Structures are given as C-alpha cells and as structure tokens.
Amino acid sequence: MSSLYRSAISARLAKLPAELPPYVEEEDGEGDSLGDLPPGGGMGPPAMQVHLAGLNPAYAPISAESYFADAAEVSVPGRELNFRIYYTPPKFADGAVMVCHHGAGYSGLSFALFAREVTDMTKGECGVLAIDARRHGKTTSSSDDNDLSIEALVQDFVELMCTVFPDPKAAPTLLLIGHSMGGSVVVRASSRLLERKYNLVGVAILDIVEGSALEALPHMNSLLNARPEGFDSVEEAIEWHLKTKTIQNVESARVSIPAAVCEAPEGSRGPKYIWRTPLRSTAPYWQDWFTGLSSSFLAVRSARLLVLAGTDRLDKPLMIGQMQGKFQMEVIPGVGHMLQEDDPRRFAEIMVAFLRRNERVIVGNTRLLAVGAS
C-alpha cells in the first residue's frame, strides 16, 4: 500500500543550451541566481499537527548551489509561462539526461540531492534537469490561467522540453522521471516527445499507482485538515515536514521546502509563510491526474520503471503487466512518499542502473530490445 494511501486512511481514522537566457535575480528579495539559489521544492502526505518553537538553526535553509550546475528561467511564450529549471548537463554531448517532474505542492528541488548523487555516480556522464511546474516553485505565468489539468501540465512539459532542446537530433537521450502527479505528466508526455523524434530511453514513475491513488482521493480532505495553513518562518516549515515524517531527510528538507512556501500577502492575518501551492486548491484536478495512469504507463513505447516506497497493491492492469514482464518494479524500504528525498542515494542507484541497462539498446529512435518495453 502506497504511503499516500496509507496516510489518507490514517487521516480518516484519526549548463544550459546557448539559446537559453540566463536567469536574472528577482527584485522581491528572494534572489535565485546560482550563487544564491533559494533552498526549495507529490502530493506528499502530512501526518499530524506538531508544536514548533522558534527558529532553530538545525532547520535553516540550504542553498541549492552545490546540487545543480545551473538555474535558469526559460520562457515558453506559447504557454505564457516562465519556467524555473535546475540543470546539470552531461559532460559529453552524447550523454543522457534524466528529466525530473515533481509532485503536487513541491518543486524541482525535491530532486536536488538525487541530482548530486547521479552526477557523482556517473562522474558527470549523465545530466539531470529538474523543473518547476506551473503554479509551483519559481515558475511564473504572464496570465491568470491556474489550470492544473493533466492536459495543461503535459503540454507545458512537452513545450518546455522542445524549448530547452529545440533540435531533437542534437538533443541528449532523455529519461523521464515523475513523482506522484509528475508521474502522470511524464507518462502521457512520452508519446508526444517520441512523435517529435526525441530519443527516449525510458519513463520512471515514483510512488504512484492509479488504483491506490483513486482510492485515497475521497479521504484527502481529512488528510489536509491535519496540514497547517502556514508557518511563522521557513525554518518552521522545514521542521514540520521532518517532525511529521513527510520528509525523513534533514538535508533534503532544508534544500527543497523553502520553495514550497512563500511569504503571505502584506497585511494578511495569519501565518507569515503560506503554501505556495495549497493542495486543497488542486482538488478539482485529482481525478483527472490519475485516471487512466496504469494503461497509459503500460502503453509507453520505451522502458518502464515503477519505484515504490512500499509494497503497493498493484491494480489489475499493473498486476497483469508485471506478470508479463512489461515493466521493472523496485521497492525502496524505510522511506515515505517523498522517496527521492528520503533516500536519494538508493534512488540514484536504481535510476543509474535502469539507464545503463536500457540506453545502449537505442539506435536513433529505434528500440532493438529493452526490458520492460514490450
């Protein structure tokens, strides 16, 4: 049973391509140039209210500078969005890049420690690109469009990839990774990128199974009732995530969580810091995100990987698919829903092995043989 589903039930019971412009430091005091990256950013499961006292240096934010080589703002005019991306390119032109899409409520920085591990393990031969989706992290919009439907998120992702890597023939081999909500995005985006002739070695989805996700949805409001409306400081936000075991890795929480909150509007009553993307505001899209995920995952025309935080109850399509060897499944013990944060080294080992196992079988856009690609 996934961490998300368990938490819901418990709550009920109780360097970039040359054409990309460099990112310019913002004027609101939350500078984000590489030299001073903000530490920051699944429908991650909160657990309980906890009493937090004052500022604690043990929970102070950590800059993301040492985790990625670059941070940039990428304008995609057709989507009226300026995407924040974090990127460590592969050191060789023909290297592969793992492209990471976060879950609901967080940001690309939830993959920060993972990115550093991948760089170390592959000695820089594999790159990592993490993005902030619309209404998340440091991505901004020039319109008032708050659409978080799966179609909007998928098209955002595809257009962003086409902007970052405008020439499919010159683009690196891509491995798409999506956590929770992000898993639904990368699964559905994969076919559109293949149609545009990008080399796609595989798709990995993290701690999300359609059946469990849909079963959990009726109980999500109870789950969110246990989630604070905000915090008096960023340190308090970090501490809450750790005290409730929403994230179990102190270093990762200090890097990722500051991007998940923002200062409350001036003059407002209540906490000084509020959620950048309140999960309750995403409720109209939950069903849309996960319905059809299993069949879409099994239809992906590349190698497939499912990484779970615990032994989940696979729904019928995935159970049949697993028996037929249509995808690889890995379970990481001792972690929660934010598995890429809780144990970034083990997760990196799984992803590097998956990449090496499958990348050598791609010739152009032709897959000769790949485990999980039948």
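Buried means under 20% relative accessible area, exposed means over 50%, and partly exposed lies in between (1.4 Å probe, protein chains only). This is a predicted model: local features need pLDDT of at least 70, side-chain atom pairs count only at pLDDT 80 or more, and totals for chains, interfaces and linings use all residues. Residues are numbered from 1 along each chain as its sequence is written, and side-chain values use heavy atoms, with hydrogens and water left out.

**Exercise 1. Salt bridges around helix α3**

Task: Find the salt-bridge partners of Asp156 and Glu159, and state how buried each residue is.

Solution.

Step 1. Fix the rule. A salt bridge is a side-chain nitrogen of Lys or Arg within 4 Å of a carboxyl oxygen of Asp or Glu. By this rule the structure holds eight salt bridges.

Step 2. Take Asp156 with Arg79. Their closest N and O atoms are 2.7 Å apart. Asp156 sits in helix α3 (residues 150-164), while Arg79 is in the loop between β1 (70-76) and β2 (81-88). The pair links distant parts of the chain, 77 residues apart. Helices (H or I, at least four residues) and strands (E, at least two) are DSSP runs, numbered from the N terminus.

Step 3. Classify that pair. Asp156 has 2% relative accessibility, so it counts as buried. Arg79 is partly exposed, because its relative accessible area is 21%.

Step 4. Take Asp156 with Arg134. This salt bridge spans 2.5 Å, N to O. Arg134 lies in the loop between β4 (126-131) and β5 (140-141) and Asp156 in helix α3, so the pair ties together parts 22 residues apart in sequence. Arg134 is buried, because its relative accessibility is 4%.

Step 5. Take Glu159 with Arg196. The closest N and O atoms are 3.1 Å apart. Arg196 is in the loop between α4 (181-195) and β7, Glu159 is in helix α3, and 37 residues separate them. Arg196 has 34% relative accessibility, so it counts as partly exposed. Glu159, at 22%, also counts as partly exposed.

Step 6. Look for shared partners. Salt bridges that share partners join Glu117, Arg345, Arg346 and Glu349 into one network.

**Exercise 2. The annotated active site**

Task: Where does UniProt place the feature "active site", and how does His337 contact Asp207?

Solution.

Step 1. Read the record. The unreviewed UniProt entry places "active site" at Ser180, Asp207 and His337. UniProt positions are given in the numbering used here, feature names are shortened, and annotations may be inferred rather than shown by experiment.

Step 2. Check the spacing. These residues are spread over 158 residues of sequence, yet they cluster in space, with a largest C-alpha distance of 8.5 Å.

Step 3. Locate two of them. Asp207 is in the loop between β7 (200-206) and α5 (210-216). His337 is in the loop between β12 (328-331) and α12 (339-342).

Step 4. Classify both. Asp207 is buried, because its relative accessibility is 1%. His337 is buried at 1% relative accessibility.

Step 5. Find the contact. The side chains of His337 and Asp207 make a polar contact of 2.7 Å. A polar contact is a pair of N or O atoms within 3.5 Å; within protein, one must be able to donate a hydrogen and the other to accept it, and residues adjacent in sequence count only if both atoms are side-chain atoms.

**Exercise 3. Packing of α2 and His241**

Task: Which residues of α2 are buried, and what covers them?

Solution.

Step 1. List the residues. In α2, Ala112, Leu113, Phe114, Ala115, Glu117 and Val118 are buried.

Step 2. Name the cover. It includes β3, β4, β6 (173-179), α8 (250-256), α12 and α13 (344-359). Contact means heavy atoms within 4.5 Å.

Step 3. Look just past the helix. Lys123 takes a positive phi of about 55° there.

Step 4. Turn to His241. This residue is in helix α7 (residues 234-243). His241 is buried, because its relative accessibility is 0%. Leaving aside neighbours within four places in sequence, His241 contacts Tyr106, Thr246, Ile247, Ile257 and Trp275.

**Exercise 4. Gly103**

Task: Is Gly103 buried or exposed?

Solution.

Step 1. Place the residue. Gly103 is in the loop between β3 (96-101) and α2 (112-121).

Step 2. Apply the cut-off. Gly103 has 1% relative accessibility, so it is buried.

Step 3. Add a distance. The C-alpha atoms of Gly103 and Ser184 are 9.5 Å apart, with their positions 81 residues apart along the chain.
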